[in-house]
Amino acid sequence: MMTRNAKVGLLLLAPAAVLLVAFTFYPTVATLIDSFYSTPRGRRPSEFIGADHFRTMMADPIFRIAMINNMIYAAVIIPGSMGLALAMALLVNARIGGRALVRLAFFTPTILPMIAVANIWMFFYAPDYGLIDQFLGLFGMGGNNWLGQPGTALWALIVITIWKLAGFFMIFYLAALQQIPPSLIEAATLEGASPSQRLRRVILPLLMPTTLFILINAVIEAFRLVDHVIALTRGGPNNSTQLLLHYIYQVAFSYWDTGYAAALSVALLLVLALIALVQFGVLDKRIHYR
Amino acid sequence: MISLTRALFGSAALSLIALSPALAQTNITFFYPVQVGGPLTAVVDGYVADFQAQNPDIKVEAVYSGSYTDTTTRALTAARSGTPPTVAVLLATDIYTLIDSGVVEPVDTWIKTDADNTWVDGFMPAYLASARVDGNLWAVPFQRSTAVMYYNKEAYKAAGLDPETPPKTWDEMVEYGKALTTRDAAGNVTQWGLGIPGSSNAVHWMFGALVAQNKGKLSNEDGLYTFFDTPEVIGALQYFVDLSTKHGIHPPGVQEWGTTPSDFLEGRLAMAWHTTGNLGNIRTNAKFDFGVAPYPGNPDPASVLGGGNLYIFEGASDEEKAAAFEFIKFLTSDELLADWGIQTGYVAPRDGSWETQAMKDYVADVPQAEVARRQIAVSVPEISTFEGQRINEVLNAAIQSALTGQATAEAAMQGAQAEAERILSAYR
């Protein structure tokens with residue numbers, strides 16, 4: 001017989017459990033199962049094909065390109081957006097003129113939908129008459145086709161993503177900065193610590209819990225944020241801006257190869273699970289929570 | 001208790017009587033995309049209201065479903081979950097995907113009377129061809145388009161060219177392009193002669209025109225074979241690449257489809273390849289006198305067809321399908337297609353539409369609109385195969401690798417052909 005407390009406890013857990021099972025655990029398991037079955041097409045029903053999709057994946061050059069691109073994308077965006085967010089937070093936390101206005105300006109990219117952002121940047125990047133090219137044209141360096149050359153297209157998307165994410169992360173850093181007791185900073189100053197020492201020895205360690213939180217979010221965004229790929233390049237030119245999630249979308253909803261898309265999703269899940277393990281396993285131990 | 005049951009039965013019987021006129025009514029759903037600018041959902045709602053006024057026993061639920069891709073996704077997802085739309089406007093090139101998924105039904109099942117046959121014969125043969133597979137008519141042409149060349153007449157005058165005679169061959173186009181490409185003192189290009197979109201959502205369409213001009217073709221009629229590594233196709237790609245690398249009249253790299261109209265309006269491009277669907281936009285926003293030209297050839301001119309057809313879905317009852325067929329006939333009458341063409345810029349796919357007074361008035365006002373129609377005689381269907389989207393992506397990536405100098409035209413097309421063979425062999 002369950003005690004009354006246990007019953008109440010289970011009831012309280014139920015809403016969250018139902019949501020998790022319905023929208024996280026069940027889809028994960030279903031995806032895993034689907035990845036071992038062929039895609040049903042017209043008169044040919046789906047059948048068990050073992051690890052065939054995974055063998056296809058290993059030999060699929062576009063999957064390899066998407067994986068490499070996504071690694072570059074994540075490796076630049078995560079530190080880039082976090083560093084910029086911290087710098088902006090420190091700036092607007094200091095006593096500067098027009099502070100509210102600057103905070104608003106930094107936060108604006110966050111409240112714009114990504115598709116709107118992409119359409120704005122499409123005209124920043126437009127060759128010759130775009131904002132960036134007009135500026136570079138003043139120095140005789142115009143005529144760049146940022147989104148139309150494989151060498152620059154991915155970097156052009158990275159810049160947009162950092163611009164979009166930094167303002168959002170800044171809010172968390174700003175909140176954390178304002179939680180730091182002024183007495184700690186004053187004590188450090190009295191001890192003769194220079195501004196850079198205060199930053200490294202006092203402020204940054206106290207920001208670590210926030211940093212971990214932002215890091216996890218940044219990793220998620222680096223694999224999740226592909227709206228601008230759809231709006232700007234659709235993975236082109238020649239797959240140079242192909243990212244994993246965009247490729248999954250293409251395979252699932254343009255090619256209707258749902259079995260292979262499930263296998264690709266399993267690969268993405270594995271990558272994310274691995275990163276999460278490292279984050280929680282290694283970093284968590286090094287962080288001082290107050 | 002008995003009185004309660006009786007009351008319940010009584011009210012159920014009453015509501016049945018009340019519902020009976022509604023039961024005689026046939027309900028159909030209609031999914032449609034909007035791919036060009038303007039308040040077009042209101043126009044469609046107006047058509048539906050007119051149809052229902054003429055056919056009080058049919059009720060049409062019109063559902064605006066985003067872009068073509070969104071609409072296809074929605075229709076296929078709905079069909080798989082057992083609630084397909086009765087009628088949908090989907091890309092003409094999706095025909096093999098739809099047949100292969102087993103979700104559409106041939107339209108000719110419903111063509112019975114002489115009047116129906118006359119109606120079918122009224123469509124332009126080029127558009128009808130893209131709806132026929134294995135001897136069946138699977139779809140009805142509705143909002144069709146073709147690719148044309150927009151050109152800046154003032155730039156022509158400034159370059160000493162006759163604004164009334166646009167180029168007719170590839171060589172002439174290069175010659176014109178050279179005259180139209182202007183550079184400043186530092187050598188930077190201030191105006192490019194020509195722009196052909198090369199981005200992933202459009203290049204397979206634009207390239208289809210180049211290939212047809214070079215007397216080649218990208219795919220065969222049954223959608224099972226591609227011809228990417230033939231000399232005609234490789235030659236067309238080489239010409240496309242040469243426009244930029246050899247002749248210096250086309251911007252380097254990949255020209256974006258989405259910004260091409262504004263590139264033209266801003267004067268960055270003196271000639272631009274795009275869809276007739278953009279005529280309205282360019283007409284409204286051009287600050288200079290512009291012309292619309294049919295495509296040139298090597299040596300015979302050719303263009304590609306594009307746009308959407310009406311499909312009837314499996315899974316509805318026969319009454320619903322019959323109602324859907326009536327609705328399709330209504331939507332493709334001469335008058336309605338003429339009106340739809342005027343409102344959107346699409347090419348009405350019936351000769352009869354062009355004989356209506358409304359269309360005659362429109363063409364008198366906007367002579368550029370007629371260029372598309374005159375070009376249809378020399379237009380080919382766009383590439384259409386099984387696994388169409390996947391084959392298109394293979395082709396797009398290969399073209400882009402050549403345009404950006406990562407591969408030669410020959411190597412790129414041979415790679416694409418090998419990949420297309422691998423994908424299509426499963427369907428043969």
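**Close-up views of a two-chain predicted model**

**View 1. Glu370(B) has its place in helix H17 of chain B.** Welcome to the model, which is predicted. How exposed is Glu370(B)? Glu370(B) counts as partly exposed because 16 C-beta neighbours fall inside 10 Å, and that class lies between the buried class of 20 or more and the exposed class of 12 or fewer. Look next for Met359(B), which is 11 residues away from Glu370(B) along the chain. The C-alpha atoms of Glu370(B) and Met359(B) are separated by 9.8 Å.

**View 2. Domain 1 of chain B meets domain 2 of chain B, with 27 residues of each in contact.** Both domains are assembled from two stretches of the chain: 23-145 + 306-380 for domain 1 and 147-304 + 384-427 for domain 2. Taken over C-alpha atoms, the centres of these two domains of chain B are 28 Å apart. Which elements supply at least two residues each to the side of domain 1 that touches domain 2 in chain B? They are helix H4 (95-101), helix H17 (369-375) and strand S13 (379-380). H17(B) gives the most to this side, with five residues. You may remember H17 of chain B from the opening view, as the helix that holds Glu370(B). Sorted by class, the residues on the domain 1 side are 11 nonpolar, 13 polar and three charged.

**View 3. A cis peptide bond joins Asn298(B) to Pro299(B).** This bond has an omega of about 0°. For comparison, most peptide bonds are trans. Where does Pro299(B) sit? Pro299(B) is in the loop of chain B that runs between strand S11 (290-293) and strand S12 (303-313).

**View 4. Asp134(B) has a positive phi, near 50°, although it is a residue other than glycine.** To find Asp134(B), follow chain B to the loop between strand S5 (132-133) and strand S6 (136-137). Is Asp134(B) buried or exposed? Asp134(B) counts as exposed because it has 9 C-beta neighbours inside 10 Å, and the exposed class takes in residues with 12 or fewer.

**View 5. Asn239(A) also shows a positive phi, here near 65°, in a residue other than glycine.** Asn239(A) lies in a loop too, between helix H10 (227-232) and helix H11 (244-254) of chain A. Asn239(A) is buried, because 22 other C-beta atoms lie within 10 Å and the buried class begins at 20. As background to this view, most residues other than glycine have a negative phi.

**View 6. Chain A is built with 12 helices and zero strands.** Reading along the sequence gives the pattern α-α-α-α-α-α-α-α-α-α-α-α. The C-alpha trace of chain A spans about 80 × 75 × 30 Å along its principal axes. Chain A has 290 residues, of which 31% count as buried. Among the contacts in chain A with a separation of 6 or more, 68% are between residues 24 or more positions apart.

**View 7. Helices H1 and H12 of chain A pack at an angle of about 120°.** H1 covers residues 4-34 and H12 covers residues 258-283, and their axes are 8 Å apart. The two helices are therefore oblique to each other, and their crossing is left-handed. From H1(A), the contact uses Thr28(A), Thr31(A), Leu32(A) and Asp34(A). Facing them from H12(A) are residues including Thr258(A), Gly259(A) and Leu269(A). Counted by class, this contact has four nonpolar, five polar and one charged residues.

**View 8. Helices H4 and H7 of chain A also pack at about 120°, with axes 7 Å apart.** H4 runs over residues 99-111 and H7 over residues 150-179. The crossing of H4(A) and H7(A) is left-handed. Which residues of H4(A) make the contact? They are Phe106(A), Phe107(A), Thr108(A), Pro109(A) and Thr110(A). Among the partners on H7(A) are Trp163(A), Lys164(A), Gly167(A) and Phe168(A). The classes in the contact of H4(A) with H7(A) are seven nonpolar, three polar and one charged.

**View 9. Chain A and chain B come together through 28 residues of chain A and 31 residues of chain B.** On the chain A side, the residues touching chain B divide into 10 nonpolar, 14 polar and four charged.

Methods. Residues are numbered from 1 along each chain as its sequence is written. Chains are lettered from A and ligands numbered from 1 in the order in which they are written. This is a predicted model: local features need pLDDT of at least 70, side-chain atom pairs count only at pLDDT 80 or more; totals for chains, interfaces and linings use all residues. Domain bounds come from an automatic or database domain assignment. Two residues are in contact if their C-beta atoms, placed from the backbone, lie within 7 Å. Helices (H or I, at least four residues) and strands (E, at least two) are DSSP runs, numbered from the N terminus. Ala, Val, Leu, Ile, Met, Phe, Trp, Tyr, Cys and Pro count as nonpolar, Asp, Glu, Lys and Arg as charged, and the others, Gly among them, as polar. Axes are lines fitted to C-alpha atoms, for helices over the stretch in contact, and angles run from 0 to 180 degrees between N-to-C directions. Angles under 35 degrees count as roughly parallel, over 145 as roughly antiparallel, 65 to 115 as roughly perpendicular and the rest as oblique. A crossing is left-handed if the near helix is turned anticlockwise from the far one by less than a right angle, and right-handed if clockwise.
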